[in-house]
Amino acid sequence: MRSMANPGVLAIILASILISSVILASFQTVAHAQTPVKITVSKGVTSNGLYTLKAKFSNPRDSGYSLQSIEISLSKQDITKYKAPSGWMAKTRDGTVSFSTKAMRPGTSATFEISSPAPIFFFRWVVKSTDGAYTDWGVKDTNINWSSATIKRNYKWTFEGEEWTWDPAFSKALYDYYRYKDRPPTDYSVYVTDTYDDKMISSLVDSIREVAKERGWTEWQTINFVISFVQSLPYTSDSVTTAFDEYPRYPIETLVDNGGDCEDTSILAADLIQKLGYGAILINPPEHMAVGVYCTSCDGSYYEFEGRDYFYVETTGENWQIGELPEEYRGTTADLYPLTAKPTITFRWESELVDYSNSYATYKILITINNEGSAAAKNLKTWTAFDAQQAGKVWKQITTDPIDLEAGGTYYWEITLSPPRGKDTRLHIQVYGDNFSTIESTSKWFKT
């Protein structure tokens with residue numbers, strides 16, 4: 001980043017910083033401390049752009065145990081293909097691939113392969129033995145780093161009469177990771193508080209902070225410098241640039257895509273302002289999105305939130321200053337969203353009739369729960385029941401033990417319930433916990 005008016009003053013090159021977090025050797029060997037199984041992981045990108053992981057599981061001759069199944073749990077990735085060795089069965093569901101066989105005897109090994117259009121940055125391997133001596137074998141939360149392939153961009157904008165340029169190189173793997181993430185139904189704060197791009201955003205913020213120090217800028221000037229950069233990005237409609245009418249972007253997407261609509265530039269600006277150390281919120285006037293910044297030296301239009309005054313910041317269109325509120329939003333109400341990490345829980349279920357006796361109908365219910373937010377869900381439980389038509393009554397019910405589901409995580413419950421035959425009922429599922437609102441789903445009424 002440099003000023004064209006006096007290029008000798010600053011020449012802060014961000015490219016090497018922005019890509020440093022994704023450079024590592026191509027091979028990584030890991031082993032669980034409680035089991036003799038050895039796991040070697042290699043990775044690569046295919047000619048058609050798929051990110052591929054290969055994992056070789058080796059069962060040493062002296063282990064004394066045979067391996068029965070291997071489960072590979074990813075962070076809800078779109079798995080394009082997977083390949084197991086001859087003789088192994090494979091199945092996939094919502095980012096988890098399970099491979100199983102009768103036994104993998106001591107002294108043998110097996111290699112598995114998974115490909116995805118998005119890079120797999122972290123995953124979990126679980127290996128189970130045939131004799132139950134170990135409940136689980138595996139390596140949890142293994143991290144994968146990718147190559148230094150980059151996407152280059154060039155930005156130019158004006159601030160206080162000077163022309164500024166920035167020529168960054170963004171990690172292609174990081175961009176692809178966010179490009180294939182689901183768009184969770186939230187108030188947009190999750191797009192700011194997601195932590196996986198923190199190193200990239202913090203590198204940019206460090207450079208802005210250095211520029212401000214060199215120039216002796218006030219906090220008002222520093223914040224306006226950020227705003228001037230974000231405002232210079234072209235406005236683009238989601239329906240034109242994507243296949244969706246509504247497609248909020250993560251910060252790196254807005255930077256690489258060279259623009260976005262009001263929520264995209266507000267998410268980017270809020271992330272930069274917050275990491276600069278200034279309080280920030282998202283402001284949602286009717287059919288619009290903007291930023292509020294807590295600034296002790298600012299004036300103009302502001303919104304009060306939790307005892308603080310947050311000055312309005314417009315991120316679309318150029319030359320808007322802190323505290324300038326567009327005419328169309330004066331006198332209107334706005335929703336205010338704090339930039340607080342929170343879980344965002346979604347779930348789906350499927351059921352299958354597995355047994356039918358004279359007295360009972362037995363159903364197997366598979367519940368898939370995803371945390372698409374930016375914080376762990378605490379003490380998450382599911383309640384599953386077959387409702388009776390009398391209010392408040394059920395034929396059968398079960399509540400699961402609580403778990404903490406990490407951000408980006410997926411969890412499965414397989415439940416079996418046997419309501420009596422010949423009764424009018426419906427399947428009723430609730431998911432609830434300490435730090436998110438209860439969500440529920442019901443089937444249509446039917447007769448068992």
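These legends describe several close-up views of a predicted model.

**View 1. The protein chain as a whole.**
The protein chain has eight helices and 29 strands. It counts 448 residues, and buried residues make up 50% of them. Take the contacts between residues at least 6 apart in sequence: 64% of these join residues at least 24 apart.

**View 2. An open sheet of five strands.**
The strands of this open sheet follow the order 18-19-17-16-20. Their pairing is antiparallel. Strand 18 (302-305) and strand 20 (335-338) form the edges, and each pairs on one side only. From one strand to the next, the twist averages 35°.

**View 3. Strand 17 beside strand 19.**
Here the view moves to one pair within the sheet, strand 17 and strand 19. Strand 17 covers residues 290-294, and strand 19 covers residues 308-313. The two pair in the antiparallel sense, over four bridges. Which residue of strand 19 stands opposite Val-293? That residue is Phe-311.

**View 4. Helix 8 across the strands.**
Helix 8 spans residues 262-275. It lies across two strands, strand 16 (280-284) and strand 17. Relative to strand 17, helix 8 runs at about 15°.

**View 5. Helix 5 against helix 8.**
Helix 8 also has a helix for company: helix 5, residues 219-231. The two axes come within 10 Å. They cross at roughly 155°. Angles over 145 degrees count as roughly antiparallel, and helix 5 and helix 8 are therefore roughly antiparallel to each other. Their crossing is right-handed.

**View 6. Side by side: the residues between helix 5 and helix 8.**
Helix 5 contributes Ile-223, Val-226 and Val-230. Helix 8 meets them with Thr-265, Leu-268, Ala-269, Leu-272 and Ile-273. What kinds of residue make up this contact? Seven are nonpolar, one is polar and none is charged.

**View 7. Thr-384 and its surroundings.**
Thr-384 is found in strand 23, which runs over residues 377-387. Is Thr-384 buried or exposed? Its relative accessible area is 0%. Buried means under 20%, so Thr-384 is buried. Neighbours within four places in sequence are left aside in what follows. Thr-384 is in contact with Ile-365 and Ile-367, and with Lys-396, Gln-397 and Ile-398. Further contacts of Thr-384 are Ile-415 and Leu-417, along with Leu-427, His-428 and Ile-429.

Key
Residues numbered from 1 in each chain as written. Predicted model: local features only at pLDDT ≥ 70, side-chain atom pairs only at ≥ 80, totals over all residues. Heavy atoms only, no water. Pairing = 2+ DSSP bridges. Axes fitted to C-alpha atoms, helices over the stretch in contact; angles between N-to-C directions. Contact = heavy atoms within 4.5 Å. Parallel < 35°, antiparallel > 145°, perpendicular 65-115°, else oblique. Left-handed = near helix turned anticlockwise from the far one by under 90°. Nonpolar A, V, L, I, M, F, W, Y, C, P; charged D, E, K, R; others polar. Buried < 20%, exposed > 50% of the residue type's maximum accessible area, 1.4 Å probe, protein only.
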